[in-house]
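Student: I have a structure to look at and would like to understand how its inside is put together. Could we go through it step by step?

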Amino acid sequence: MKKAIYPGSFDPVTFGHLDMIERSAKVVDQLIVAVLRNNAKNPLFSTEERVSMLEEMTKNIPNVAVQSFDGLLIDYAKSVGATIIIRGLRAVTDFEYELQMAQTNRIVEPGVDTLFLTTSLEYAYLSSTIVKEVASYGGDISHFVPKQLIELIYHKYRKEIKQ
Ligand code: PNS
């Protein structure tokens with residue numbers, strides 16, 4: 001059985017992530033979407049909020065589960081018995097960091113391989129950072145995230161302004 005993890009910050013999950021999840025779930029038997037817990041990036045959404053958004057958005061894909069993890073990705077992969085790490089490549093700018101991560105992880109644990117999927121062209125520009133930037137100015141994010149998440153994202157910024 002091919003068990004894979006798709007790790008990330010997902011702060012927030014975008015159409016680009018969901019496209020990756022749908023496509024990779026077709027390639028493997030079981031996919032765990034793994035939300036990084038100890039994120040130095042000071043996330044907009046708590047781990048629980050990110051997990052819950054992902055659960056809602058993936059509830060119709062039977063072989064996908066959502067979890068959070070702490071510490072090294074490779075240790076987490078081993079602990080859940082995953083042998084594949086899925087990552088998306090948008091542009092050449094992603095490549096250097098992704099190559100370094102994949103190679104480091106493989107040195108540490110040769111039994112776990114990183115599988116790269118290129119993002120669909122319509123999402124090649126998209127990142128959680130872009131979504132947050134546009135939302136922070138009250139811009140239209142409907143092309144970037146599912147409609148159920150739009151209000152949750154705007155709400156974060158309204159709360160920040162009030163404080
Ligand atoms: O969505 P992101 O922020 O690009 O995801 C990055 C992630 C979570 C895959 C990466 O930061 C990660 O694996 N963090 C856990 C710590 C770790 O294992 N770092 C890599 C060492 S090579």
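**Inside the model**

Tutor: In this predicted model, a polar atom of the side chain of Arg-87 lies 2.9 Å from the backbone oxygen of Pro-7. Let us start from that residue.

Student: Is Arg-87 buried or exposed?

Tutor: The place of Arg-87 is in strand E4, and its relative accessible area is 17%. Buried means under 20% relative accessible area, so Arg-87, at 17%, counts as buried.

Student: Which side chain joins that of Arg-87 in a polar contact of 2.8 Å?

Tutor: Among the residues that Arg-87 touches, leaving aside those up to four places away in sequence, are Tyr-97, Glu-98 and Met-101. The side chain that joins that of Arg-87 in a polar contact of 2.8 Å is the one of Glu-98.

Student: Which helix or strand gives the most to the largest nonpolar core?

Tutor: In soluble globular proteins, nonpolar side chains tend to be buried together. The largest nonpolar core here has 36 residues, and Ile-153 is one of the members that touch the most others. Several elements each supply at least two residues of this core, including strand E1 (3-8), helix H1 (15-27) and helix H6 (147-162). The element that gives the most, with 5 residues, is H6.

Student: How many residues are in the other core, which lies apart from this one?

Tutor: Among the members of that other core are Ala-34, Leu-73, Ile-85 and Val-112. The number of residues in this separate core is 12.

How values were computed:
Residues numbered from 1 in each chain as written. Predicted model: local features only at pLDDT ≥ 70, side-chain atom pairs only at ≥ 80, totals over all residues. Heavy atoms only, no water. Core = buried A, V, L, I, M, F, W, Y, C linked by side-chain atoms within 4.5 Å. Buried < 20%, exposed > 50% of the residue type's maximum accessible area, 1.4 Å probe, protein only. Helix = DSSP H or I, 4+ residues; strand = E, 2+ residues; numbered from the N terminus. Polar contact = N/O pair within 3.5 Å; in protein donor to acceptor, adjacent residues only side chain to side chain. Contact = heavy atoms within 4.5 Å.
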